[in-house]
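Colleague: Could you take one part of this model and go through it closely? I would like the packing of one helix against its surroundings, described in order.

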Amino acid sequence: MSHSNRQSMLDRATMKQLNTDKTAKRTLEVISPFYSQKRTGGAISVASALKLVASATLLAVTTAANSNDSNNNNSQATPFAYNSWQSQNPEELSLPNLRGQGLSFAEQYQNKLLGEWSLRNVNGRIKMEHDPWIHETVKDMTWRLNAQARQQAPMGLVIIDSPSINAFAAPGGVIGLNTGTILAASSMDELASVVAHEVAHISQHHYENGADERKKALLMQIGGMLAAIAASAVDSDAAAAVMMGSQTATMNSSMAFSRSNEREADRVGMQIMTQAGYDPRAMPRFFATMNQQSQLNQVENRFLPSFVRSHPLSNERLSESQSRAQHYPSLSLNQQQRYQTLFDLLYWRVQSTGQHASETVLTTAAKNSVGAKLALMHWYGEQQRFEDAEEMLAEIKAWPAARRQGLEPLLSITHSQILSEQGKWAQAADILESQQRLYPERRDLRLYLAEALTNSNQPVKAQALLKPLTEQQPSDRYAWQSLQLANEKLAKTTASPELAKIATINALRYRSHDQLWSGRFDRALTSLTQAKQLTEKLQNTAQASSARPLLANINAEIKAVKTAKDFEP
Ligand SMILES: [Zn+2]
């Protein structure tokens, strides 16, 4: 089937999903205050719109210098501390070492393009979990694992709002995870084991080593499978159509990696997670859980690609993983409990933002779990039940400082969200500001704070917080949208008509970046054309000096969109 046929089939399936989905009315454009207003006093909120629609927040940071990969291999290919068992299997000795293979510059460049392509492909089609705190938490774990095996930071992290257990890694270093994986895990270590396995596929260059046909199949799988997840949430006929459209790649997903690739990813993955401070015993444990669940859900998941489907968990693989884990020294109790609170917070935050758990479930769990308490508080806020929320907050505020401290910055974030729901944006900004000063490197706090600042009429301050995010990570759609909102606010509120014009032009530019990274190329070009026309008008005015560099930027942006539009893997 030709590329364009497949494309239109995906689009139809996506459209069908959007039309049926109860959240579909709030498309991405809706977040613009020009089009709609949020229920509390016309306040604008990326978070509230984003979490309901199909799009993605991407967290990657800029990559380390590419060329280092091939130069430093010898010195960097340090063996892991606990590798004595490695020599037990002669077959494994012939496999490439960790970081063993440098890629040529051309290959690295091709991988970067592929990574960007898959990000844009995924972003436009799938319902994502955008919550910045959830992203920060998963990203921290993912980057930590990645750093054990690769010199380059991952290109991006996508968290898909889907109940099936799945994780994947794409060439170029895009790592993805379903919320279902978080909800199926019982510890941070278990979650880390799946991500570590995927990081190993990248670090061992399993994509590049594959035959061309397989490489192509994997790309189809990423585009096609993700579309299938989105479509199957609505009806299975649509999913079937998508699956057929994405050729046999999805059907034969179990053939995606060779058996020896899988064994190597298990082996290296376990090394990676141990090096990063996670418990290797969690890997066989989570494999067993996934195996069980996949058998239970086989009928429902008929159309859902899952980790288990693309990584068949044979008994042989399970027992191999078990015996391998026993070769690692046991963790101390202290080490075992290290991530307990964090996982509790993560698990329940996912439950509440994805609206997976009912009030009854949250209320019951809140009796024993701090994470559930915060999630319930957050949920009360969203339901406009502010008295209930305040009551819970007061209870937590009475706890000893050390115990409260362990919940930060999520406690402050939750508090600020309850205030935002009431339109108390300035108060929300105060609370977030003090946290942001403590953790200036955290993306989530910048995003939450910027939103509060924009809504309390401080868009210039908001913009200053956001700019570094898009510079670090050009595919960060959440940050681009927030920048757009800040500039729209500035255009409306500034006393200077000149500044208002520039802010309007910039809002259009930032919108085009968001559109680019969700694969909506024609809309991105429309936004940029509008920006260009407004800028050209400035050329004959007193603002000619600011018009010239602006025009140069816009022309470069138009060129980038066209290049992305033409790219085909
Ligand atoms: Zn695998």
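Modeller: What follows covers helix α7, its helix partner and the sheet beside it. The model is predicted, and the protein chain averages a pLDDT of 76, with 69% of the residues at 70 or above.

Helix α7 spans residues 132–149 and packs against helix α14, residues 259–275, at an angle of about 115°, the two axes being 9 Å apart. Because angles of 65 to 115 degrees count as roughly perpendicular, α7 is placed in that class relative to α14. The crossing of α7 past α14 is right-handed. On the α7 side the contact is made by Leu145, Gln148 and Ala149, and on the α14 side by Val268, Ile272, Met273 and Gln275. By type, five of these contact residues are nonpolar, two are polar and none is charged.

The sheet is open and has three strands in the order β1-β3-β2, with mixed pairing. Its edge strands, β1 (156–160) and β2 (167–170), each pair on one side only. Direction ignored, neighbouring strands are turned by 15° against each other on average. Strand β3, residues 174–178, pairs with β1 in the parallel sense over five bridges; within β3, Ile175 stands opposite Leu157. Helix α7 packs on this sheet by touching β1 and β3, and its direction makes about 125° with that of β1. Another helix, α9 (residues 188–203), lies across β2 and β3 and runs at about 20° to β2.

As for confidence elsewhere, pLDDT stays under 50 over residues 47–101, a stretch with 110 contacts beyond four places in sequence in the model. Residues 298–305 are also below 50.

Conventions:
Residues numbered from 1 in each chain as written. Predicted model: local features only at pLDDT ≥ 70, side-chain atom pairs only at ≥ 80, totals over all residues. Axes fitted to C-alpha atoms, helices over the stretch in contact; angles between N-to-C directions. Helix = DSSP H or I, 4+ residues; strand = E, 2+ residues; numbered from the N terminus. Parallel < 35°, antiparallel > 145°, perpendicular 65-115°, else oblique. Left-handed = near helix turned anticlockwise from the far one by under 90°. Contact = placed C-beta atoms within 7 Å. Nonpolar A, V, L, I, M, F, W, Y, C, P; charged D, E, K, R; others polar. pLDDT = per-residue confidence, 0-100. Pairing = 2+ DSSP bridges.
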